[in-house]
Amino acid sequence: ANEITDPYLTSKIEFNGYESLNFQPAKDFSNPEEYNEMLQTIAKNYTAESEIISTKAFNEGLENVGKKPYIIEINANAKDLLTKAGPNYIFKVGEVIGSQMEMYEEKKRILPIEIENPHSYKRTITLNLPEGYTIKNPEIFNMNYELKHEGKVVADFISTYEVKGNQVIVKNTENYDFVELPSQLYPQYQKVINAAADFNKLSIILEKI
């Protein structure tokens, strides 16, 4: 198979803290069909339209709650994320972080900003470029949004990339380290939240060398 037109997607997602609490107990309290359905639903969120080949979970069950992160590994065919554009290809790379919430606020916010629990996301996306191709626009991966309160960073979305041979490694962190913030910080908070949604829409251009 031609590597470029038959891209393979491997995704490893790690849920920590309260996030893992949403999934780990399900192993003990649901039948295998229901549990498998839950896995498929999670996998679909991270593979967009791709055809899922396999899904495997680690650190399942109540015994791992609060001790180990809940990990899901997904293998999929990413053909549906790829479009031909003349001699080049466009790859919808942002889709692999899953669909993201977007916030629009027309009116002035009066209530303080509250979240149920502080949480964070850590993502690594490794792109193995096919021979004879390069990424024309890797700079789109550089993103940096910070929200400071009383001299401390309480929320951020940071994305960077590095090129190693035929690999482009994208590192991406998203942190929410507060429970409540004053309403006047809402515009900056919105920027951090929307950064993930912007990343989700990113496409790279694969250019023939």
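**Figure 1. An open four-stranded sheet with the order β4-β5-β13-β8 in the predicted model**. The strands of this sheet pair in the antiparallel sense. Its edges are formed by β4 (82-85) and β8, each of which pairs on one side only. On average, neighbouring strands are turned by 30° against each other, direction ignored.

**Figure 2. Close-up of the pairing between β4 and β5**. Four bridges connect these two antiparallel strands. Within the pair, Lys-84 is positioned opposite Tyr-89 of β5.

**Figure 3. An open four-stranded sheet with the order β7-β11-β10-β9**. Pairing in this sheet is antiparallel. Because β7 (119-128) and β9 (143-149) stand at the edges with a single partner strand each, one side of each lacks a neighbour in the sheet. The average turn between neighbouring strands of the sheet is 10°, direction ignored.

**Figure 4. Close-up of the antiparallel strands β10 and β11**. Strand β10 spans residues 152-164 and strand β11 spans residues 167-176, and 10 bridges join the two. Glu-162 has Ile-169, in β11, as its bridge partner.

**Figure 5. Helix α4 lying across the strands β7, β9, β10 and β11**. The helix comprises residues 186-200 and runs at about 155° to β9. The strands that it crosses are those of the sheet ordered β7-β11-β10-β9.

**Figure 6. The largest nonpolar core, comprising 41 residues**. The residues with the most contacts inside this core are Phe-91, Leu-127, Phe-141, Phe-178, Tyr-189, Phe-199 and Leu-206. Two or more core residues are contributed by each of β5 (88-91), β7, β8 (133-135), β9, β10, β11, α4 and β13 (204-208). Helix α4 provides the largest share, with seven residues. In soluble globular proteins, nonpolar side chains tend to be buried together.

**Figure 7. Surroundings of Tyr-189**. Tyr-189 is among the residues with the most contacts inside the largest nonpolar core. When neighbours within four places in sequence are left aside, Tyr-189 is in contact with Met-103, Ile-113 and Ile-115, and also with Leu-147, Tyr-176 and Phe-178. Of these partners, Phe-178 is likewise listed among the core residues with the most contacts.

**Figure 8. A second nonpolar core, separate from the largest one**. This core consists of 14 residues. Among them are Ile-13, Met-38, Ala-43 and Tyr-70.

Conventions:
Residues numbered from 1 in each chain as written. Predicted model: local features only at pLDDT ≥ 70, side-chain atom pairs only at ≥ 80, totals over all residues. Heavy atoms only, no water. Pairing = 2+ DSSP bridges. Axes fitted to C-alpha atoms, helices over the stretch in contact; angles between N-to-C directions. Contact = heavy atoms within 4.5 Å. Core = buried A, V, L, I, M, F, W, Y, C linked by side-chain atoms within 4.5 Å. Buried < 20%, exposed > 50% of the residue type's maximum accessible area, 1.4 Å probe, protein only.
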